[in-house]
Amino acid sequence: MFPAVLGWSVLIFGHLNYVFFISGAITSSWDSRALLLIFHTLLGGMVYWCYVMVMFTKPGQPSVDFIVSSQYHLVNLRYEFVALAGTLQYPPDCPSMTREDNLGLRYCLTCNNLKPDRTHHCNTCRQCVLRMDHHCPWIANCVGFRNHKFFFLFLSYGTMLAFFYTCSTVVPFVNFLDASIHPDKGISPDAAAGGSPGLMGSQFIFGIMFTMALSLMSLMHFFLIRRNGTSHEHHRLPRFIVPIAKKNGFDLGSKENWEMIMGVDPKYWFLPINTTRFNGQSFPVRGPDEEMGDLEHGSLLAKDLDDLNASDNDNEFTSVSPRPGHA
Ligand SMILES: [Zn+2]
Ligand SMILES: [Zn+2]
């Protein structure tokens, strides 16, 4: 929780510092200052909104349909599942296309449930997380199926805000350094920094640090979303039960990949509103001979995409009940 508190503290410090000091130090015109503050409020507001959404939106966990009967808990599940694979089954509406390396069913020994494709167990959250990307201490939450969009938007707007702070303070910061190094010029370093070198310098240093860190991360997640990948899968590719043409069998082409996470309507791409498609427990998979980018004519192995579109389910899980004989 400490990194999240630190993250909020830096954000709020930067906000108040800009409103009460920086904006006044970089311009003496009230009109210019008002324009700067309006822009700053809009941009900062988006960062706050995204930060709240990514922190408090649960990334999603498997439904009760994936819980396995207690009779299987006593066996060494991870290694016996090759033999048990014919006995245990995934829910019919959520077929699995991936397996463990030993071809056994993917199972969570902690949660005692079958793991839907792309689901991984988070030891910090102590639960299985749908389409898990990673656990992020800065948001005290996992990044997964339901909040990956919010995480990407948080990084993107955060980059813009940090860059805005950097641009706002770079000139007074350079002037402060110049006045400090060349006292013969007769300019006081304090005056060059608008009266408070500490406040000006900290805003510049935080600005440039976060611009670099957040821009790299937002770029990385932009490409992950375009390829329909996750950080988890980047390090360890899923093992598919069928031959897959591409390394990443979940890659449906840039457009479909992007719309799966960001939604189909472009005007919602920029807002932290839930527009992620599908239910997070079953994903279409590319077959071995399909042309990428020709989705209309390609058959999907996991489910027909049209069926999935039809049951897009408004981002709610399919209502499920425990199967007979399952705990
Ligand atoms: Zn688990
Ligand atoms: Zn977690």
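These exercises work through a predicted model.

**Exercise 1.** Decide whether Arg118 is buried or exposed, and state in which loop Arg118 lies.

*Solution.*
Step 1. Find the place: Arg118 sits in the loop between β3 (113–114) and β4 (120–122).
Step 2. Take the neighbours: 27 other C-beta atoms lie within 10 Å of Arg118.
Step 3. Apply the cut-off: a residue is buried if 20 or more other C-beta atoms lie within 10 Å of its own. Arg118 is therefore buried.
Step 4. Check the backbone: phi of Arg118 is near 75°, a positive value. Most residues other than glycine have a negative phi.

**Exercise 2.** Do the same for Arg126: is this residue buried or exposed?

*Solution.*
Step 1. Arg126 belongs to the loop between β4 and β5 (127–129).
Step 2. Arg126 has 9 C-beta neighbours inside 10 Å.
Step 3. The cut-off for exposed is 12 or fewer. So Arg126 counts as exposed.
Step 4. Phi of Arg126 is near 60°, a positive value in a residue other than glycine.

**Exercise 3.** Find where helix α1 bends, and name what covers its buried residues.

*Solution.*
Step 1. Helix α1 spans residues 2–26 and bends by about 50° at Tyr18.
Step 2. Tyr18 is buried in α1, and so are Gly14 and Ile22.
Step 3. The cover over the buried residues of α1 includes α2 (30–56), α4 (148–181) and α6 (197–226).

**Exercise 4.** Which residues does UniProt list under "transmembrane region"? Describe two of these spans in the model.

*Solution.*
Step 1. The unreviewed UniProt entry lists 34–54, 150–174 and 204–225.
Step 2. Residues 150–174 are 100% helix, with end C-alpha atoms 35 Å apart.
Step 3. Residues 204–225 are 100% helix, with end C-alpha atoms 31 Å apart.

Definitions and conventions: Residues are numbered from 1 along each chain as its sequence is written. Chains are lettered from A and ligands numbered from 1 in the order in which they are written. This is a predicted model: local features need pLDDT of at least 70, side-chain atom pairs count only at pLDDT 80 or more; totals for chains, interfaces and linings use all residues. Helices (H or I, at least four residues) and strands (E, at least two) are DSSP runs, numbered from the N terminus. The bend at a residue is the angle between axes fitted to the seven residues ending there and the seven starting there. Two residues are in contact if their C-beta atoms, placed from the backbone, lie within 7 Å. UniProt positions are given in the numbering used here, feature names are shortened, and annotations may be inferred rather than shown by experiment.
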